[in-house]
Amino acid sequence: MTKKFLLLSAMLAACTRADEGSARPNVQVSEPAPDTTGSPQQVVTAELTNAPEVPHRMVRKHPARVIVNLEIREVEKQIAPGVTYTLWTFGGEVPGKMIRVRQGDVVELHLGNNPSSKMPHNIDLHAVNGPGGGAEGTFTAPGKQTQITFRATNPGLYVYHCATAPVPMHVANGMYGLILVEPPEGYGYADREFYVMQGELYTSGKYHDQGHQAFDMDKGIDEKPTYVVFNGAEGSLVGDKAIHANVGEKIRIFVGNGGPNLTSSFHVIGEIFDKVYAEGGSKPQENVQTTVIPAGGAAIVEFTVNVPGKYSIVDHSLFRAFNKGAVAQIVVDGPPMKETYSGKQAEVAYTGAVETAPVAVAAPTGGDVGAATYARICAACHQPTGMGLPGTYPPLASSDYLAASPPEKLIGHVLHGLQGPVTVNGNTFNGVMPPMSFLSDAEIAGALTFARSSWGNKLAPVKPDQVQRVRTQSASTP
Ligand code: HEC
Ligand SMILES: [Cu+2]
């Protein structure tokens with residue numbers, strides 16, 4: 001490593017001389033290469049953090065012996081509103097604790113498996129040069145602790161995961177996390193750093209089926225996850241739990257993809273990444289809209305937030321964002337920045353080609369399923385105010401159609417969609433409402449109940465079992 005670095009320095013220096021005047025990295029040949037191989041004098045215990053927190057930056061000039069104490073725990077957690085699952089974790093949360101060391105550090109890893117665990121586990125760190133990335137050396141039965149030591153030779157952002165059979169099941173159950181091996185020069189100043197990791201969940205029930213869910217091996221084999229989430233659960237970084245920043249701040253996110261199957265198309269709606277260390281490697285790409293993060297891979301993304309408002313982090317394979325949970329939020333506070341983005345400047349009547357209204361980004365989910373479903377699904381067309389859009393989407397607020405239709409008919413509209421002319425409050429609409437049978441009984445009942453009791457409407461609530469009856473009736477009618 002040192003030799004390579006010196007050679008590179010010499011080459012760059014040679015270029016500078018040959019090409020006087022042009023902008024070149026200012027490399028001084030006389031300065032000694034940073035120490036990444038020396039034998040450590042100092043012993044430190046690693047600061048480990050739960051996502052989205054990131055351990056503090058290292059300021060050491062020399063390698064140290066870094067003690068990492070990780071504990072595996074099998075815990076029952078909520079993965080979506082009303083849905084629980086037994087997650088297998090490195091440190092009690094998904095993703096596992098983030099580890100931050102300096103290139104050249106000698107890492108002494110102690111892996112404990114809590115006595116309450118039912119399974120043996122181990123750890124394969126992609127930052128390790130050695131068979132199995134540490135897996136063989138760390139096979140740990142419940143109530144045992146194992147130890148390995150490795151040198152963090154290569155800088156970068158690396159995934160770690162369990163590699164105990166059946167490996168993909170252990171990973172799908174949440175056994176993944178990130179280890180950052182920081183180069184001696186670091187990644188430069190950032191106002192805020194966050195730890196975000198994508199992963200899939202394969203549950204026995206459907207998306208949002210309530211109650212405790214078991215792991216579904218067949219869905220895993222077919223690569224058809226029920227949930228695709230950031231930081232272990234749907235909504236883990238949404239609403240009250242959103243990431244916060246101020247206008248003008250530089251944000252750095254250490255992003256990982258635990259998989260176990262899908263490649264992420266990582267994107268922040270309304271932002272451009274100024275820099276991406278693609279695949280967690282050393283040379284940043286600049287001005288990137290969406291970065292690909294393979295399963296078992298990572299990326300460091302950096303951007304400066306200039307305009308206040310809400311930004312959604314998504315997997316741009318968008319059904320995952322809208323129908324499987326892959327949404328997180330950044331809330332940026334500060335004064336408006338009209339030069340960078342004006343906001344809506346006009347809305348006038350238009351009689352040209354009819355365009356479909358853009359679907360709004362998923363809104364935060366609250367405690368109430370109905371309000372949350374309305375905000376996430378219905379508001380895109382019927383508007384948060386329930387007023388609809390004249391000529392395009394009928395209003396639900398004070399709708400005589402809503403008031404006059406039996407609940408079964410309305411449930412049918414949501415399950416199977418609605419098209420053809422409908423008259424609401426004397427205005428005729430002839431649009432298409434798509435079928436939304438992917439929503440659960442509770443979500444459909446909740447959204448209708450919300451609409452029937454908001455904006456001055458005073459209609460009776462709709463019950464999930466009414467939805468269930470309409471669903472089964474229509475399934476049995478040919
Ligand atoms: C993609 C746009 C879209 C979404 C999303 C949508 N609707 Fe609609 N909705 C429409 C359109 C368009 C019509 C009128 C259809 C027609 O002209 O036949 C309609 C009609 C209706 C009506 C009957 C007319 C009225 O105003 O009373 C109800 C009730 C209704 N929608 C409820 C819902 C509920 C509840 C949701 C969420 C679960 C929802 N819609 C989601 C577009 C949408
Ligand atoms: Cu495991």
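Start your tour by selecting glycine 386: leaving aside its neighbours within four places in sequence, this glycine is in contact with Pro395, Leu396, Ala397, Ala451, Ser454 and Trp455. Keep in mind as you click around that you're looking at a predicted model.

**Stop 1: around glycine 386**

Glycine 386 sits in the loop that runs between H5 and H6. Is glycine 386 buried or exposed? Colour in the surroundings and you'll see that glycine 386 is buried, because 21 other C-beta atoms lie within 10 Å, and 20 or more is what it takes to count as buried. Now add serine 399 to your selection. Serine 399 is 13 residues away from glycine 386 along the chain, and 9.4 Å separates the two C-alpha atoms.

**Stop 2: glycine 370**

Next, hop over to glycine 370, which has its place in helix H5. Glycine 370 has 24 C-beta neighbours inside 10 Å, so this one counts as buried too. Which residues does glycine 370 touch, not counting those up to four places away in sequence? Show Gly446, Ala447, Thr449 and Phe450, and you have them. Then pick leucine 448 and draw a distance line between C-alpha atoms: glycine 370 and leucine 448 are 7.3 Å apart in space, though 78 residues apart in sequence.

**Stop 3: helix H8**

Select residues 441–452 and you've got helix H8, twelve residues in all. From its first C-alpha to its last, H8 reaches 16 Å, close to the 16 Å expected at 1.5 Å a residue. Why is H8 described as largely enclosed by the rest of the structure? Because twelve of its twelve residues are buried. Try showing the side chains here: the buried residues of H8 include Asp441, Glu443 and Arg452, along with Ile444, Leu448 and Phe450.

**Stop 4: ligand 1**

Time to select ligand 1. How many residues surround ligand 1? There are 30, and the closest are Cys378, Cys381, Pro394, Gly431 and Met433. The elements that give two or more residues to this shell are helices H5 (369–382), H6 (400–404), H7 (407–416) and H8, plus strands E22 (418–419), E23 (422–424) and E25 (432–433). H5 gives the most, with five residues. If you colour the shell by residue type, you'll count 23 nonpolar, seven polar and no charged residues.

**Stop 5: the six-stranded sheet**

Leave the ligand and bring up the strands. Six of them form an open sheet, in the order E12-E10-E14-E19-E16-E17, with mixed pairing. Look at E12 (227–230) and E17 (285–288): each of these has a single partner strand and stands at an edge, so one side of each is left without a neighbour in the sheet. Turn the sheet around, and you can follow a twist that averages 25° from one strand to the next.

Zoom in on the E12 end. E12 pairs with strand E10 (residues 192–201) in the antiparallel sense, over four bridges. To find one of those bridges, select glutamate 200; its partner in E12 is valine 228.

**Stop 6: the four-stranded sheet**

There's another open sheet to visit, made by four strands in the order E4-E9-E8-E6, again with mixed pairing. Its edges are E4 (99–102) and E6 (124–125); each has a single partner strand, so one side of each has no neighbour in the sheet. Now highlight E8 (residues 156–161) and E9 (residues 176–182), an antiparallel pair with six bridges. Where does tyrosine 160 find its bridge partner in E9? At glycine 177.

**Stop 7: strand E3 and its partners**

Select residues 83–90 to light up strand E3. Six of the eight residues of E3 are buried, so this strand is largely enclosed by the rest of the structure. Add E2 (residues 65–80), which runs antiparallel to E3 and is joined to it by eight bridges; one bridge to spot links valine 75 with leucine 87. The hairpin of E2 and E3 has two residues between the strands, and there glycine 82 takes a positive phi near 75°.

E3 is also joined to strand E11 (residues 211–213), this time in parallel, by three bridges. Valine 83 is a good one to click, with glycine 211 as its bridge partner in E11.

**Last stop: zoom out**

Show the whole protein again. You're looking at nine helices and 25 strands, and buried residues make up 41% of the 478 residues. Among contacts between residues at least 6 apart in sequence, 68% join residues at least 24 apart.

Technical notes. Residues are numbered from 1 along each chain as its sequence is written. Chains are lettered from A and ligands numbered from 1 in the order in which they are written. This is a predicted model: local features need pLDDT of at least 70, side-chain atom pairs count only at pLDDT 80 or more; totals for chains, interfaces and linings use all residues. The expected span of a helix is 1.5 Å times one less than its number of residues. Two strands pair if DSSP finds at least two bridges between them. Axes are lines fitted to C-alpha atoms, for helices over the stretch in contact, and angles run from 0 to 180 degrees between N-to-C directions. A residue is near a molecule or strand if its C-beta atom, placed from the backbone, lies within 6 Å of it. Ala, Val, Leu, Ile, Met, Phe, Trp, Tyr, Cys and Pro count as nonpolar, Asp, Glu, Lys and Arg as charged, and the others, Gly among them, as polar. Two residues are in contact if their C-beta atoms, placed from the backbone, lie within 7 Å.
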